[in-house]
Amino acid sequence: MDIKLRSNNSIFNINIDLQAKRWEGTVGRQVVQAFAGSLEGHRARKGVLITTSQFSPDALDYVTRVEKKIVLIDGEKLAELMIDYGIGVTIDVSYEIKRLDADYFEEEL
């Protein structure tokens, strides 16, 4: 497991595992199934599996059929999240959009 998020207090009991890997090909059901098994071993209730690649249809279907809550993030979604949160990205071009100020043209009485 790459990251283990744990918080146990009187209000919340958070137990989430995260695994991120750089795969060359499609990530299949077997990888996701192994991840689900590792969640059980760590007593995690939820898990996030991230790949720079994509998940097979069998892998996507598998997470809908297991009791554990598993979020799959593929390379495309990962890139979107990185852009949205400004992680690992730089601004290439910035645009300034101007509009007319209608109050500027009103006559004073």
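**Exercise 1.** In this predicted model, determine whether Ser-56 is buried or exposed.

*Solution.* Begin with the relative accessibility of Ser-56, which is 13%. Next, recall the cut-off: a residue is buried when its relative accessible area is under 20%. Ser-56 therefore counts as buried.

**Exercise 2.** Locate Ser-56 in the chain, and state which residues it is in contact with when neighbours within four places in sequence are left aside.

*Solution.* First, find the flanking elements: strand 3 covers 46-51 and helix 2 covers 57-65. Ser-56 lies in the loop between these two elements. Then set aside the neighbours within four places in sequence; the contacts of Ser-56 are Thr-26, Val-27, Gly-28 and Arg-29.

**Exercise 3.** Describe the order of the helices and strands in the chain.

*Solution.* Count the elements: there are 3 helices and 4 strands. Then read from the N terminus, which gives the order β-β-α-β-α-β-α.

**Exercise 4.** Compare the radius of gyration of the chain with that of a compact globule of 109 residues.

*Solution.* For a compact globule of 109 residues, the expected value is near 13 Å. The chain, however, has a radius of gyration of 22 Å. As a further description, its C-alpha atoms fill a box of roughly 75 × 45 × 25 Å along the principal axes.

**Exercise 5.** State what percentage of the 109 residues is buried, and what the chain exposes.

*Solution.* Of the 109 residues, 24% count as buried. The exposed area of the chain is about 8,900 Å². Carbon and sulfur atoms supply 51% of that area.

Terms used:
Residues are numbered from 1 along each chain as its sequence is written. This is a predicted model: local features need pLDDT of at least 70, side-chain atom pairs count only at pLDDT 80 or more; totals for chains, interfaces and linings use all residues. Side-chain values use heavy atoms; hydrogens and water are left out. The radius of gyration is taken over C-alpha atoms; the globule rule is 2.2 Å times the number of residues to the power 0.38. Buried means under 20% relative accessible area, exposed over 50%, partly exposed in between (1.4 Å probe, protein chains only). Accessible areas come from the Shrake-Rupley method with a 1.4 Å probe; for residues, only the protein chains shown count as cover. Contact means heavy atoms within 4.5 Å.
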